[in-house]
Amino acid sequence: MSMSTRAAIAASIAYDTIMVFEGQFTDHILPDQIHKINLSFLSPRMRREYGGCAGNIAYNYALLGGEAVPMGMVGDDFAPYREHYQRCGIDQRAIRVAADSYTAQCFIVTDLSNNQLAGFHPGAMGRSAEIALAEAGEVAVGLVGPDAPDAMQQHSREMAEAGLPFILDPGQNIVLFSGEQLLEMIDRAPVLVCNDYEAELICDKTGLTLAQLAARVDTLIVTRGAEGSIVWQKGTEQTIAPVPAAAVKDPTGCGDAYRAGLLLAMATGRSLLDGARLGSVLGSIKIAVQGCQNHRPTREEIRAQFEQHYGAWPF
């Protein structure tokens with residue numbers, strides 16, 4: 001693909017450490033003693049995954065043949081992730097190391113019923129606002145996802161001022177902003193993407209209905225997991241049918257895979273409806289694999305799935 005696919009992806013870059021407790025949390029948490037919990041769960045199985053929204057989206061974008069430029073602050077422990085990205089051919093010019101810090105990390109303990117206990121350490125991510133959009137070089141499109149709140153505000157402002165077509169994906173960080181702050185970012189963005197729960201949160205914080213929210217952007221996309229997604233454009237809404245997954249092993253990171261499809265459509269001047277379809281294909285491939293960056297479909301396999309479910313390949 002040409003240089004026109006270069007995408008600045010400003011969001012979190014993190015490690016995910018997942019441990020499995022081979023029992024049920026509920027067997028050990030006493031309801032009448034929750035005011036003084038002191039528990040340890042033996043976890044014989046553990047894996048460390050590459051994650052973070054920018055990390056995952058960039059990985060998926062590279063699978064599609066796009067040129068990803070993730071933007072994020074990482075820590076001294078980034079070396080294994082850096083080598084992984086080098087193997088993937090991902091441009092790391094806008095990834096900066098904050099000395100004496102850890103890369104953002106999520107620690108998750110899961111029981112056999114898939115209940116989770118998690119802790120998140122933002123680490124170096126707290127300094128992401130020190131990275132300017134200019135460090136990504138010349139790009140065709142952008143995305144602003146969950147990151148340090150000041151970084152999200154800054155990067156959405158920089159992309160808007162540069163006239164860069166970009167996606168705003170506030171994700172789990174919606175709760176960190178006031179309704180007014182959310183609308184400031186939304187009004188700068190041509191495209192707003194969120195899942196159905198996040199859409200309700202935004203409506204609640206801003207006092208707007210979904211239709212009013214859609215009227216403030218060129219395109220509003222609401223993902224609904226196994227029910228597909230809805231694309232709102234020019235007062236109309238269109239449902240994108242989901243792609244059935246070969247297996248359902250790990251839904252974490254499926255939304256990031258979906259967003260890579262949207263970015264490629266924006267970068268290549270294709271319809272965002274086709275971008276949503278491509279995202280659905282990639283999400284269904286990702287969900288069949290444990291971890292956010294362990295699926296390795298070829299572009300030919302992605303194309304074959306697209307044609308099977310949606311018809312002619314537009315990319």
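Which residues touch the most other members of the largest nonpolar core? Some notes to get you started follow, and do keep in mind that this is a predicted model.

1. The big core. It has 46 residues, and the ones touching the most other members are I9, Y61, I167, L262 and L263. Helix 7 (residues 254-268) gives this core its largest share, nine residues. As background, nonpolar side chains tend to be buried together in soluble globular proteins.

2. A closer look at I9. Leaving out residues up to four places away in sequence, I9 touches A54, I57, A58, A68, V69, P70, M71, L143 and L263. L263 is also on the list of residues that touch the most other members of the largest core.

3. The other core. There's a second, separate core too, with 38 residues, including A94, M159, L164 and I202.

4. The sheet. Try tracing the open sheet of nine strands: the order is 5-4-1-8-9-10-11-12-13, and the pairing is mixed. Strand 5 (95-97) and strand 13 (236-240) are at the edges; each has a single partner strand, so one side of each has no neighbour in the sheet. From one strand to the next, the twist averages 20 degrees.

5. One strand pair up close. Strand 9 (residues 166-168) pairs with strand 10 (residues 191-195) in the parallel sense, over two bridges. Look for I167 here, standing opposite V191 in strand 10. I167 is another residue named among those with the most contacts to other members of the largest core.

6. A helix over the sheet. Helix 3 (residues 149-161) lies across strand 1 (7-10), strand 4 (68-74), strand 8 (141-144) and strand 9. Against strand 8, helix 3 runs at about 160 degrees.

7. P190. You'll find P190 in the loop between helix 4 (179-188) and strand 10. Setting aside neighbours within four places in sequence, P190 is in contact with P165, F166, V217, D218 and T219. P190 and A94 are 96 residues apart in sequence, and their C-alpha atoms are 23 Å apart in space. A94, remember, is one of the residues in the second core.

8. T17. Is T17 buried or exposed? T17 counts as buried because its relative accessibility is 7%, and the cut-off for buried is under 20%. T17 sits in strand 2 (residues 14-20). Beyond its neighbours within four places in sequence, T17 is in contact with M46, R47, R48, C106, F107 and I108.

How values were computed:
Residues are numbered from 1 along each chain as its sequence is written. This is a predicted model: local features need pLDDT of at least 70, side-chain atom pairs count only at pLDDT 80 or more; totals for chains, interfaces and linings use all residues. Side-chain values use heavy atoms; hydrogens and water are left out. Helices (H or I, at least four residues) and strands (E, at least two) are DSSP runs, numbered from the N terminus. Buried means under 20% relative accessible area, exposed over 50%, partly exposed in between (1.4 Å probe, protein chains only). Contact means heavy atoms within 4.5 Å. A nonpolar core is a set of buried Ala, Val, Leu, Ile, Met, Phe, Trp, Tyr and Cys residues joined through side-chain atoms within 4.5 Å. Two strands pair if DSSP finds at least two bridges between them. Axes are lines fitted to C-alpha atoms, for helices over the stretch in contact, and angles run from 0 to 180 degrees between N-to-C directions.
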